[in-house]
Amino acid sequence: MNIGFVGAGGFAKGFVPLFKLHPLVDKVYITDLIPERREEYAAKFDIRTFESFDVMLESDIDSVAIFTQRHLHGPLAIKALKSGKHVYSAVPMANEICEIQEIVDLAARKGLIYMTGETAYYYPGAIFCRTEMKKGSFGDFVYAEAQYYHDMNHGFYDVYKRSGSENWKKVAGIPPMYYPTHSIGALVSATGAHVIKTSCFGFRDTSGDGVFGEGMNYWDNPFSNETALLYMSNGGVCRANEFRRIGIKKSTSYISCFYGTRASYEEAFTEHVFMEADETGTKMKFRSISSLLNSRVMEEHRGDPDFMERVANGEYDHRSSSPIMNTGRLPAEFKPEMSGHRGVPKFLVDDFVKAVNCNKLPPNNAWDSARYNIPGLIAHESAVKGGALIDVPDLGDPPEGWDMLDPDSGI
Ligand SMILES: NC(=O)c1ccc[n+]([C@@H]2O[C@H](COP(=O)([O-])OP(=O)(O)OC[C@H]3O[C@@H](n4cnc5c(N)ncnc54)[C@H](O)[C@@H]3O)[C@@H](O)[C@H]2O)c1
């Protein structure tokens, strides 16, 4: 396959080399509105550039990878699908429900692979809860909490300034629930259920930095933090936080608790525990699973005197994967390449490439992605209405008969 990247910014740097290394990928190209950026990529990664997305669509690519700013994905994905290209998109899928619907319809009608690169899917807590939920260890699902915490002071101002010109604040004030997939995606993928109703509250920003507030951004959004209660299709309840003004740096994107009628999982900072009812149902079996879920580098440094402070600043997060992540399923060519985000991009790239080559549906396919994204758009609407309870539309399951890639084996 040949893949063309749109967006030569910060994040694509971790993905271009992986697509180049994958044995089932032939050519990798890139385009960016800013000529210096695409030239920088050409020089660094030895890839061909195109002057525009439209020109790139006319080339010999069969797939597109969208890495533009977070509010710009939907229309590019629709254009690519209409041109008959498979699409890998950085999250979120889109900002409008009608765009999400169109992406799902196009993928179904044309039989094209569409996938979002939802990193939370392969984060250790999500893998653990999803696996145990499927096995039945939790019993019936009851309640879970997940969050994506990213304070504006932790690198976000720079991210928005990098590509936002003088209008960067208008984009930076995007409603937190318009980027909901690191929390809601983790919950949907781990429960195997989807959201039916939501009620959400917003925290009116108090910083005075001119980013969040009525009239200050493209969405007229006053909230820097949003908290949604989600009523799920299996009768359980979830709570999702999307915070951009918060006194915590790490963890950022994680499931903090997950409860069923038989068992429970909890994460607190460096500790992960799993408690399961014994055969009598009257006593609990306790298992520490920290060394299974934490990154290998983090566990190696447990004895360091400044260990906790380093964890709080995320110093071990992106340097290695965790034992629960089956890196054995990845192409051997990936091994020397470290991609940040705990090595998750390797799984996402491998999923997409295999999905296109084998015509199988990847995890985080169009239907999954819609279920990660639409509840957030509705949650923001609820927050604007002071927490009103609103039904969440569901676009359903993928068409029957389309085989799925297995996330554990990658086959
Ligand atoms: N954990 C995660 O999943 C994760 C982490 C970081 C970033 N992201 C996502 O990755 C995406 C990219 O983030 P980034 O930090 O690299 O952004 P960035 O601002 O650094 O880069 C975006 C680039 O896209 C280019 N661009 C925009 N519209 C274009 C068009 N029509 N044609 C060609 N080029 C165009 C811009 O000029 C810019 O260079 C964002 O959507 C972000 O949300 C996801």
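Leaving aside its neighbours within four places in sequence, with which residues is Tyr123 in contact? The legends below refer to a predicted model, and the first of them takes up this question.

**Figure 1. Surroundings of Tyr123 in the loop between β6 and α6.** Beyond its neighbours within four places in sequence, Tyr123 is in contact with Ser253, His318, His341, Arg342 and Val344. The loop that holds Tyr123 runs between β6 (114-116) and α6 (124-135). Tyr123 has a relative accessible area of 9%, and because buried means under 20%, this residue counts as buried. Leu76 lies 47 residues from Tyr123 in sequence, and the two C-alpha atoms are 27 Å apart in space.

**Figure 2. The two domains of the protein chain.** The domain assignment divides the chain into domain 1 (2-119) and domain 2 (120-391). Taken over C-alpha atoms, the centres of domain 1 and domain 2 are separated by 23 Å. Contacts between the domains involve 40 residues of domain 1 and 48 residues of domain 2.

**Figure 3. The largest nonpolar core of the model.** This core has 121 residues, of which Phe5, Phe258 and Tyr265 touch the most other members. Helix α14 (residues 366-384) gives the largest share of the core, nine residues. The core lies between domain 1 (2-119) and domain 2 (120-391), because both domains give residues to it. A second, separate core consists of five residues, including Val297, Met298, Phe307 and Tyr316.

**Figure 4. Contacts of Phe258, a member of the largest nonpolar core.** With neighbours within four places in sequence left aside, Phe258 is in contact with Cys129, Met133, Phe138, Phe141, Tyr143 and Ala144, among others. Its further contacts include Ala190, Thr191, Ala263, Ser264 and Tyr265. Tyr265 is itself among the core residues that touch the most other members.

**Figure 5. Val16 in helix α1.** Helix α1 spans residues 16-21 and contains Val16. The relative accessibility of Val16 is 0%, so this residue counts as buried. Residues up to four places away in sequence not being counted, Val16 touches Phe5, Val28, Ile30, Tyr41, Phe45 and Ile47. One of these contacts, Tyr41, is 25 residues from Val16 along the chain, with 8.8 Å between the C-alpha atoms. Another of the residues touched by Val16 is Phe5, which also appears among the members with the most contacts in the largest nonpolar core.

**Figure 6. Ser183 in helix α9.** Ser183 is placed in helix α9, which covers residues 181-191. With a relative accessible area of 0%, Ser183 is buried. Not counting residues up to four places away in sequence, Ser183 touches Ala146, Gln147 and Tyr148, together with Ala240, Asn241 and Glu242.

**Figure 7. Residues around the ligand.** There are 24 residues around the ligand, and Phe11, Asp32, Arg37, Arg162 and Ser163 come nearest. An N or O atom in the side chain of Ser163 is 2.5 Å from an oxygen atom of the ligand. For Thr68, a backbone N or O atom lies 2.9 Å from an oxygen atom of the ligand. For Arg70, the distance from a backbone N or O atom to an oxygen atom of the ligand is 3.3 Å. On its own the ligand has 860 Å² of accessible area, and the protein covers 90% of this area.

Methods
Residues numbered from 1 in each chain as written. Predicted model: local features only at pLDDT ≥ 70, side-chain atom pairs only at ≥ 80, totals over all residues. Heavy atoms only, no water. Helix = DSSP H or I, 4+ residues; strand = E, 2+ residues; numbered from the N terminus. Buried < 20%, exposed > 50% of the residue type's maximum accessible area, 1.4 Å probe, protein only. Contact = heavy atoms within 4.5 Å. Core = buried A, V, L, I, M, F, W, Y, C linked by side-chain atoms within 4.5 Å. Domains from an automatic or database assignment. Near = heavy atom within 4 Å. Polar contact = N/O pair within 3.5 Å; in protein donor to acceptor, adjacent residues only side chain to side chain. Areas by Shrake-Rupley, 256 points an atom, 1.4 Å probe, with all protein chains shown as cover.
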